[in-house]
Amino acid sequence: EQEHVVLLHDFTFRDPQDILAELKGGGGGHAGHAMGGMLNDIQFDAYLANDRTLADPEVVRVGKATQIRLRIINGSAASNMWIDLGALQGELIAVDGNAVFPLNGSLFPLAIAQRADIRVKLPEGSGAWPILFRPEGLGARTGIYLATQGAEIAKLASEGEMAPEVNLVQEMKLRSVAVLPPEPVTRTEILTLTGGGMDYLWGLNGKSSMHETIFTVRENERIEIIMQNQTGMAHPMHLHGHYFKVAAINNVPIEGALRDTILVPPSTSVTIRFAADNPGNWAFHCHHLYHMNAGMMGAIRYSNAA
């Protein structure tokens, strides 16, 4: 089948260090929202799909009735997105590089740093079909076109309807194709996501740091982590060096997807499990890069690692 990679970005003309300093000083988009619940605390100048806006979108040429696999990467610094297929229907067939049993739809959430493979079968005949990417809580949007040769490309505005909050409704439905060995959990750790006051300090278990060891593991353990979000913002939590299974959401057990990044919304608990099979010191952090650089980052360290 035809394949195409789409890399999403949020773009600002400002220096990110200046933005972070403003946030830590009690200003910027976070001001007045601390701990009150919000979707976006950074204001961006543009949203890009493969470095282009809807003013000059990428046009992917396809055949009539082509089946195309879109490999979509949310490379945004601070924006959870929705994938909007518009009039088309698609099948979500993989997340974060791991196959899932196909899930049909036309609207799919994609948190910061997550990846989604969506298979789309185009209608018979000629045409041009926009695939839009919409940051949550905003009317802004970007996108690409799937178009047969010679099809007219309609101009779309870069503003549309406000996108809803990205949630875990779809996550509850995802099922991994890979079956993990039925080995018991050897240890459970609680990880609270904390901070987000007017000082714009974020943390893990109440500590705001970039280099603290959160906990140590031993090789061949099977670890369960229960992440509890006590802040007013969602956090896409990313573990380096491992894939994990999403095992429960708000204490409801699921046979979920294999991932390396999972969104933890406010006042929500997400449980993950992974095999400690890759010795080293591995970063575990919020992939909202301003939250990460303001303290929501630590490491999982193997006790036998150098």
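## Asp-96 and its partner Arg-115

Asp-96 is buried, because its relative accessibility is 0% and the limit for burial is under 20%. In this predicted model, Asp-96 sits in the loop between β6 and β7. The backbone of Asp-96 has a positive phi of about 50°, although the residue is not a glycine. Most residues other than glycine have a negative phi.

The side chain of Asp-96 meets that of Arg-115 in a salt bridge, with an N to O distance of 3.7 Å. This pair links distant parts of the chain: Arg-115 belongs to strand β9 (residues 115-121), while Asp-96 is in the loop between β6 (90-95) and β7 (98-105), 19 residues apart.

## A second bridge from Arg-115

What is the distance between the closest N and O atoms in the salt bridge of Arg-115 with Asp-260? The distance is 2.9 Å. Arg-115 is in strand β9 and Asp-260 is in the loop between β19 (258-259) and β20 (261-264), so this salt bridge ties together parts of the chain that are 145 residues apart in sequence.

The residues of this pair fall into separate accessibility classes. Arg-115 is partly exposed, because its relative accessibility is 21%. Asp-260 is buried, at 8% relative accessibility.

## Glu-183 and Arg-222

Side chains of opposite charge can pair when their charged atoms come close. Glu-183 and Arg-222 form a salt bridge in which the closest N and O atoms are 3.3 Å apart. Glu-183 lies in the loop between β11 (142-147) and β12 (187-195), and Arg-222 lies in strand β15 (residues 222-229), so the bridge connects parts that are 39 residues apart in sequence.

Which accessibility class does Glu-183 belong to? Glu-183 is partly exposed, with a relative accessible area of 46%. Arg-222 counts as buried, at 10% relative accessibility.

## The salt-bridge network

Salt bridges with shared partners join seven residues into one network. The acidic members are Glu-1, Glu-3, Glu-91 and Asp-117, and the arginines are Arg-69, Arg-71 and Arg-119. The structure as a whole holds 20 salt bridges.

The protein chain has 23 positive and 32 negative charges. The mean positions of these two sets are 5 Å apart.

## Gly-90 in strand β6

Gly-90 is found in strand β6 and is buried, at 3% relative accessibility. Leaving aside neighbours within four places in sequence, Gly-90 is in contact with Leu-85, Leu-103, Asn-104, Gly-105, Phe-108, Ile-118, Arg-119 and Val-120. One of these, Arg-119, also takes part in the salt-bridge network.

Gly-90 and His-291 are 201 residues apart in sequence. In space, their C-alpha atoms are 33 Å apart.

## Ile-225 in strand β15

Ile-225 is found in strand β15, which also holds Arg-222. Ile-225 is buried, because its relative accessible area is 0%. Not counting residues up to four places away in sequence, Ile-225 touches Glu-189, Leu-191, Phe-215, Val-270, Thr-271, Ile-272, Phe-274, Phe-284 and Ile-300.

How many residues along the chain lie between the positions of Ile-225 and Lys-64, counted as their separation? They are 161 residues apart along the chain, and their C-alpha atoms are separated by 47 Å.

## Asn-250

Asn-250 has a positive phi near 50° and is a residue other than glycine. Asn-250 is found in the loop between β17 (244-249) and β18 (252-253). Its relative accessible area is 41%, so Asn-250 counts as partly exposed.

## The chain as a whole

The secondary structure of the protein chain comes to two helices and 23 strands. The radius of gyration is 20 Å, close to the 19 Å that the globule rule gives for 306 residues, so the chain is as compact as a globular protein of that length. Along its principal axes, the C-alpha trace spans about 60 × 50 × 35 Å.

Of the 306 residues, 53% count as buried. The chain exposes about 13100 Å², and carbon and sulfur atoms supply 52% of that area. Among contacts between residues at least 6 apart in sequence, 75% join residues at least 24 apart.

Key: Residues numbered from 1 in each chain as written. Predicted model: local features only at pLDDT ≥ 70, side-chain atom pairs only at ≥ 80, totals over all residues. Heavy atoms only, no water. Helix = DSSP H or I, 4+ residues; strand = E, 2+ residues; numbered from the N terminus. Rg over C-alpha atoms; globule rule 2.2 N^0.38 Å. Buried < 20%, exposed > 50% of the residue type's maximum accessible area, 1.4 Å probe, protein only. Contact = heavy atoms within 4.5 Å. Areas by Shrake-Rupley, 256 points an atom, 1.4 Å probe, with all protein chains shown as cover. Lys, Arg positive; Asp, Glu negative; His and termini not counted. Charge placed at Lys NZ, Arg CZ, Asp CG, Glu CD. Salt bridge = Lys/Arg side-chain N within 4 Å of Asp/Glu carboxyl O.
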